[in-house]
Amino acid sequence: METVVTVLVLLFVVFLALGAYAAVKVVGAAKRSVDRTITQARRTVEDHTLRAKSFTQPGPAGELAQLRLALRTSMRATQDALHAGVREDESLKESIALFERLSTHGRELDHDLKRLEAEPDRATLRERLPALRERTRRITESADSLRWAARDRARRFAEDDLDTLSAQIDVEAGALRHWTKTEPTTGTTTGTSTTPPAAAADPHPQAWPGTARQASAEEPDRPAITPSGRRPAYPWQKKPRPESTT
């Protein structure tokens, strides 16, 4: 009885631990989902705000908004392209490592641009804009280069796979239409004579003109053995006796 109670207690503890673990996992997944949703919503609102500032605020403030919007758009597109491509191409892991290093510079630049949006000294801001514009250009060009290289690589793999598939389909289609292929003809076939009808009907061998065959063709054919005719009767021969009916 004590053994049964012990087993039941252990099972209860195990189920309780599994339930707690499952609850923690569910809560963690829900929290990550909520955080991801909040981050995406915040990012969308910020992008729309920057786009509105780039159109409504003239001068350095509007240009800062344009630089931030171009930087964020390029970095986000490259990140999505690389993470989507690495699932099928493991060689993109090195590209992702390079992009992570580039993202460090991109985040620093984005923070600098965001901080300068509240800068009251417009003259100093105008002086720093060329350097900020050059940094943005270098980072976005590097990100665009990685993104387009990954896309070109995926497109090249797709074209190679399509070429291989097309060749295999052509071979299979030819095998399915095997009756359309011309079969080689041989000199002799089963049950068929290769001798032309005229040659088979001619009993005489072929002869050149002016030979003895021409002369023999003009003369009547003579039998090889002269048939026996009626023999002459001689007086000393006895007449043939008729056959007896008995």
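1. A salt bridge, as the term is used in this note, is a side-chain nitrogen of Lys or Arg within 4 Å of a carboxyl oxygen of Asp or Glu. By that criterion D89 forms a salt bridge with R153, and the closest N and O atoms of the two residues are 2.3 Å apart. Because D89 lies in the loop between α2 and α3 while R153 belongs to helix α4, the pair ties together parts of the chain that are 64 residues apart in sequence. The two partners can also be described by their accessibility: D89 is buried, with a relative accessible area of 13%, whereas R153, at 35% relative accessibility, counts as partly exposed. The reader should bear in mind throughout that this is a predicted model.

2. As to the overall organisation, the protein chain holds six helices and zero strands, so that, by the helix and strand assignment used here, its elements read α-α-α-α-α-α from the N terminus on. Of the 246 residues in the protein chain, 18% count as buried. When contacts between residues at least 6 apart in sequence are considered, 66% of them join residues at least 24 apart.

3. Helix α4 deserves a paragraph of its own. It covers residues 122-176, which amounts to 55 residues, and the distance from its first C-alpha to its last is 77 Å, close to the 81 Å expected at 1.5 Å a residue. At its N-terminal end α4 is capped by D121, a side-chain oxygen of which lies 3.3 Å from the backbone nitrogen of A123. A kink of about 40° is found in α4 at R128, shortly before the proline P130.

4. Which residues of α4 are buried? They are L125, L129, L132, T136, I139, T140, A143, L146, R147 and A150, and what covers them includes α2 (60-85) and α3 (92-116).

5. Helix α3 can be read alongside α4. Its 25 residues should span 36 Å at 1.5 Å a residue, and its end C-alpha atoms are 35 Å apart, which agrees with that expectation. The buried residues of α3 are L92, S95, I96, F99, L102, S103, G106, L109, D110, D112, L113 and L116, and these residues pack against α2 and α4.

6. The largest nonpolar core has 20 residues, of which L64, M75, L109, L113, L132 and I139 touch the most other members. The elements that give two or more residues to this core are α2, α3 and α4. For L64, the contacts, leaving aside residues up to four places away in sequence, are with L113, L116, E117, L125, L129 and L132.

7. Is R72, which lies in helix α2, buried or exposed? R72 is buried, with a relative accessible area of 15%. Not counting residues up to four places away in sequence, R72 touches R43, E46, D47, L50 and D110, and D110 is itself listed among the buried residues of α3.

8. The D89 and R153 pair belongs to a wider set, since the structure holds 15 salt bridges by the 4 Å criterion given at the start. Side chains of opposite charge can pair when their charged atoms come close. Within α4, the side chains of E134 and R137 meet in a salt bridge, at 2.4 Å from N to O. Being three residues apart in helix α4, E134 and R137 are separated by about one helical turn. An α-helix has 3.6 residues a turn, so residues three or four places apart point the same way. Both partners count as partly exposed, E134 with a relative accessible area of 36% and R137 at 37% relative accessibility.

9. Further along α4, D160 forms a salt bridge with R156, the closest N and O atoms being 3.6 Å apart. These two residues both lie in helix α4 and are four residues apart, which is about one turn of the helix. D160 counts as partly exposed at 30% relative accessibility, and R156 is partly exposed as well, with a relative accessible area of 48%. Salt bridges that share partners join D152, R155, R156, E159 and D160 into one network.

Key. Residues numbered from 1 in each chain as written. Predicted model: local features only at pLDDT ≥ 70, side-chain atom pairs only at ≥ 80, totals over all residues. Heavy atoms only, no water. Expected span 1.5 Å × (residues − 1). Bend = angle between axes of the 7 residues up to and from the residue. Buried < 20%, exposed > 50% of the residue type's maximum accessible area, 1.4 Å probe, protein only. Contact = heavy atoms within 4.5 Å. Polar contact = N/O pair within 3.5 Å; in protein donor to acceptor, adjacent residues only side chain to side chain. Core = buried A, V, L, I, M, F, W, Y, C linked by side-chain atoms within 4.5 Å.
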